[in-house]
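Here are my notes after a first pass through this one. Have the viewer open while you read.

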Amino acid sequence: MPHPPELRLTAKGWRWQRTGHPWIYRDDLTAPPALPGGELVRVLDHQGRFLGQAFYSAKSRIALRFLTYPEEAVDRGFWEARLKQAIAYRDRVVAGADACRLIYGEADGFPGLIVDNYAGHLVFQVLHPGLERHLPEIIDLLKTNLSPSSITLRNDVEVRSLEGLPLEVATVWGELPPLVEVREGGVHLLVDVKGGQKTGLFLDQRENRIAAAAYAQGEALDCFSYQGGFALHLARHCRKVTMVESSAPALTRAQENAYLNGLDNLEPVKENVFAFLKQAAAAGKRFDLIVLDPPAFAKSRRDRESAVKGYHEINRRAFQLLNPGGVLITCSCSYNLSEPEFLEIVRRAAAEAHRQARLIERRGASRDHPALLSLPESLYLKCFILEVM
Ligand code: SAH
């Protein structure tokens, strides 16, 4: 076997690597190697000492993604050990649901790989050429260890273009029905694995949706409802739930989900949430519970200012619309906005709405999406549950 290529970091790159961050940027390599990308390489510090093994990318700004720190063989046994750990961890932390994230990239030791499990139908997102080379082996191991019903690649994510990888959606093994029925707490959901957002569901919010049900009462409003994720959990305990969402197909699926659960108290409203909240406030509407689960307003540092305005506006309006004793469940999935910054926005929103509120829960992504401490990018989801006094 040819000796694996070796890459050297600059002194600055070495200092960065010592923070534990599993990525190395291109500027931190002493010399860009003549490699096509996707190779597993040996990484050396500025003095030539061995630091670990990493996947190399020739295209992305992220030149290296660490796979191991000791020197070890990356063979079938290596991947199987990591896979078994990922499965065992989900067995421990996922209860009452048959849809969850099975592999969460670096946090599970699989840099650039996401695998979601929808009641035995596995969905892959492969974000790195290095991992893509090992895919046949990993797929084979998943078949042996989990006996899935089907395996689908949802490789239609933009980051693949940055890596020079083709975009594709394909079921590569078994049979995938057009809709998969999954269970999440007390709710059943129909999932379009090939056409839905992300890999079908926003799985990172699973525990928050289940938690929301504990506060459900009276009349609720679910803003940015997608296919009714929060709304369905709330509707089992509320008189009425209004779902506001700008995507018509998402709302149609939400209504199918309502029917599937035997619920007839959900009202879909196809509308921009900003406009809806403004009109509702002008009309003097009141709710007992409001969920705000917007898409990431701050996709990059540059959008921060407008994102802060957006979060502030929807939170201020939501506080205005809540009855005394009402509950606000407010989320942000913008990595570029930290938890203290988001809390400050919510605090200011309550003050401007002339409401006193108390913070009941500070939540994050579900436990099947553990954040790797050294990869702050994986710590993105914030969810506060507040009560208006
Ligand atoms: N709460 C959902 C996930 C929400 S994802 C769940 O738990 O499943 C965010 C949703 O907001 C997407 O479905 C998107 O179509 C919708 N959306 C984005 N901008 C919007 C806007 N301005 N008004 C209404 N809906 C919007």
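1. Which classes of residue make up the shell around the ligand, and how many are there of each? Bear in mind that this is a predicted model. The shell has six nonpolar residues, with four polar and four charged ones alongside.

2. If you want to know where to zoom in, 14 residues sit around the ligand. Those that come nearest are Arg209, Glu245, Ser246, Val273 and Asp293.

3. Now for the polar atoms. Arg209 places a polar side-chain atom 2.8 Å from a ligand oxygen. On the nitrogen side, an N or O atom in the Asp293 side chain lies 2.6 Å from a nitrogen atom of the ligand. Asn272 also has a side-chain N or O atom at 3.2 Å from a ligand nitrogen. As for cover, the ligand taken alone exposes 590 Å², and the protein buries 88% of that.

4. Zooming out, the domain assignment splits the chain into domain 1 (6-68), domain 2 (76-174) and domain 3 (202-388). Arg209 and Asp293, from the points above, carry numbers that fall in the range of domain 3. Between domain 1 and domain 2, the centres over C-alpha atoms are 24 Å apart. Their contact draws 14 residues from domain 1 and 16 residues from domain 2.

5. How much area do domain 1 and domain 2 bury between them? The figure is about 1200 Å², with 60% of it on carbon and sulfur atoms. On the domain 1 side, Phe55, Arg65 and Leu67 supply 48% of the area buried against domain 2, more than any other three residues there.

6. Arg65 deserves a second look. Besides its share of that buried area, Arg65 forms a salt bridge with Glu106, with the closest N and O atoms 3.1 Å apart. Across the interface of domain 1 and domain 2 there are two salt bridges, and six residue pairs are in polar contact.

Definitions and conventions
Residues are numbered from 1 along each chain as its sequence is written. This is a predicted model: local features need pLDDT of at least 70, side-chain atom pairs count only at pLDDT 80 or more; totals for chains, interfaces and linings use all residues. Side-chain values use heavy atoms; hydrogens and water are left out. A residue is near a molecule or strand if one of its heavy atoms lies within 4 Å of it. A polar contact is a pair of N or O atoms within 3.5 Å; within protein, one must be able to donate a hydrogen and the other to accept it, and residues adjacent in sequence count only if both atoms are side-chain atoms. Accessible areas come from the Shrake-Rupley method with a 1.4 Å probe; for residues, only the protein chains shown count as cover. Ala, Val, Leu, Ile, Met, Phe, Trp, Tyr, Cys and Pro count as nonpolar, Asp, Glu, Lys and Arg as charged, and the others, Gly among them, as polar. Domain bounds come from an automatic or database domain assignment. Contact means heavy atoms within 4.5 Å. Buried area is the accessible area (1.4 Å probe) that two parts lose on being put together, summed over both. A salt bridge is a side-chain nitrogen of Lys or Arg within 4 Å of a carboxyl oxygen of Asp or Glu.
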